[in-house]
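Visitor: I am new to this structure and would like a close look at a single part. Please take the open and enclosed spaces in it, and then the helices that belong to that picture.

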Amino acid sequence: MTFLPLKGAYSLTIRHLTIFLTVAQQGSMSAAAKTLYLSQPTVSQAIRELETHYNGLLFERLGKKLYLTDRGRLLLPHAEELVQQFRQVEELMLNQGQSSTLKLGSTITVGTCLTPSVVVDLQKCFPEMLIYSYVSNTRDIEEKLLKSELDAAVIEGEILSPDLIVLPIIDDSLVLAVGKAHPFYTRRELSVADLQGQKFSMRESGSGTRQLFEDYASRHQLSYITAWEANSPRVLLNAVLYNNILSVMSLRLMQHELQHGSIRAFRQADGEWDRKFKLVYHKNKFLTPSIYELERILHEHQHMNMPEKMGMLH
């Protein structure tokens, strides 16, 4: 990879491009400096050197935020590709002859009900490999994949970036969770009209689970009350169990409660809540044996166990 000398005593490096990308993502020099653990003058100097080299401004300031100029937008995709390629070379070469590392992302639902067993199976195949697991919501995981901060991820939400490969593998379904004290518990069937004005415990914004339910509510003109909001499935389940609140979440998260009859699940009859957990990685990612093994393991978890007694939502 060849770099041209910058005008003056400097050379164009991956560092310049990394700083440029971070400023573009963060929208300010100070935020980019914090993200990169650099001083703000260092970041500003790197951007000035790039602008001198390319004979024009890469950013313009509107209010308190920086926005890419036409010249900056032209540079952006090429800078992303170069930085991505450099990170792949680093990963490939630094892992030669050493125990490798797999940085695995999971969305919160997947991280709660699936990732622990997947990591155990992976560790059996690669006992010397260090597995770093990061759990967050879909939007955060997508951002980290695009920045090469994660090697691969298993998610339940929708991926927006065309730069990520998405492989749907594992069957999942959202269900309406109803606690024993709620009037709906003894019902066998519910309709959308029954849910009007009901109190719900909801996942946070950016969650794939929340997005799917919000889309459903919009299509069916369903009005509901968000009484609880959390990024923890356990908190949402507790609201169902102890506070007479409804919730919509993955069937895979409540197997224990269903077995003991403390929760009744209602499945959406038309399949609007059915979905897949997906393996996701960058289109330019160098696929290691551990990622191929991850895909194989995920196929072993493809099918769901459906409870015998399940209500239906029409």
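**The largest pocket and its surroundings**

Guide: The largest pocket has 21 residues in its lining, and those nearest its centre are Leu21, Gln25, Arg87, Leu146 and Lys147. The model described here is a predicted one. The elements that contribute two or more residues to this lining are α1, α2, α4 (70-94) and α7 (138-146). Of these, α4 gives the most, namely six residues. The space in the largest pocket comes to about 550 Å³. Sorted by class, its lining has five nonpolar, eight polar and eight charged residues.

Two of the lining elements, α1 and α2, also pack against each other. Helix α1 covers residues 14-26 and helix α2 covers residues 29-36; their axes are 8 Å apart, at an angle of about 120°. The two helices are therefore oblique to each other. The crossing in which α1 passes α2 is right-handed. On the α1 side the contact is made by Thr18, Ile19, Thr22, Val23 and Gln26, and on the α2 side by Met29, Ala31, Ala32, Thr35 and Leu36. Six of the residues in this contact are nonpolar and four are polar, with no charged residue.

A further helix, α3, packs against both. Helix α3 is made of residues 40-53, and its axis comes within 9 Å of that of α1, with a crossing of roughly 105°. That angle makes α1 roughly perpendicular to α3. From α1, the residues in contact are Arg15, His16, Ile19, Phe20 and Val23; from α3, they are Thr42, Val43, Ala46, Ile47, Glu49 and Leu50. By class, this contact of α1 with α3 has seven nonpolar, two polar and two charged residues. Ile19 and Val23 of α1 appear here, and they also belong to the contact with α2.

The remaining pair is α2 with α3. Their axes cross at roughly 110° and come within 8 Å. α2 and α3 are therefore roughly perpendicular to each other. Their crossing is right-handed. In this contact, Met29, Ser30, Ala32 and Ala33 of α2 meet Gln40, Val43, Ser44 and Ile47 of α3. Five nonpolar and three polar residues take part in it, and no charged ones. Val43 and Ile47 of α3 meet α2, and both are also listed in the contact with α1. Likewise, Met29 and Ala32 of α2 face α3 in this contact and take part in the contact with α1.

The second largest pocket is next. Its volume is about 280 Å³. The lining consists of 18 residues, with Gly157, Glu158, Gly208, Gln211 and Leu212 nearest the centre. Here the elements that give two or more residues are α9 (208-219) and β12 (274-282). The most comes from α9, with six residues. The classes in this lining are two nonpolar, six polar and ten charged residues.

Besides these pockets there are enclosed spaces. A search of the whole structure gives two cavities of 30 Å³ or more. The largest cavity has about 40 Å³ of volume. It is lined by Ser201, Met202, Arg203, Thr209, Arg210, Phe213, Ser247 and Val248. At least two lining residues come from each of β8 (199-203), α9 and β10 (246-250). Thus α9 supplies residues to the largest cavity and to the second largest pocket. Three residues of the cavity lining are nonpolar, three are polar and two are charged.

The second largest cavity holds about 30 Å³ of space. Around it are Leu104, Ser106, Val110, Leu114, Thr115, Val118, Val154 and Leu298. The elements that give two or more residues to this lining are β3 (101-107) and α6 (115-125). By class, six of the lining residues are nonpolar and two are polar, and none is charged.

To return to the starting point, the part at issue is the largest pocket, where α4 gives the most to the lining and where α1 and α2 are among the contributing elements. Those two helices are oblique to each other, and α3 is roughly perpendicular to α2.

Definitions and conventions
Residues are numbered from 1 along each chain as its sequence is written. This is a predicted model: local features need pLDDT of at least 70, side-chain atom pairs count only at pLDDT 80 or more; totals for chains, interfaces and linings use all residues. Side-chain values use heavy atoms; hydrogens and water are left out. Axes are lines fitted to C-alpha atoms, for helices over the stretch in contact, and angles run from 0 to 180 degrees between N-to-C directions. Helices (H or I, at least four residues) and strands (E, at least two) are DSSP runs, numbered from the N terminus. Angles under 35 degrees count as roughly parallel, over 145 as roughly antiparallel, 65 to 115 as roughly perpendicular and the rest as oblique. A crossing is left-handed if the near helix is turned anticlockwise from the far one by less than a right angle, and right-handed if clockwise. Contact means heavy atoms within 4.5 Å. Ala, Val, Leu, Ile, Met, Phe, Trp, Tyr, Cys and Pro count as nonpolar, Asp, Glu, Lys and Arg as charged, and the others, Gly among them, as polar. On a 1 Å grid over the protein atoms alone, a cavity is a set of points where a 1.4 Å probe fits but cannot get out, and a pocket is an open set with protein on both sides within 12 Å along at least five of seven lines; lining residues have an atom within 4 Å of a point. Grid points are joined across faces, edges and corners, and a volume is the space filled by probe spheres set on the points.
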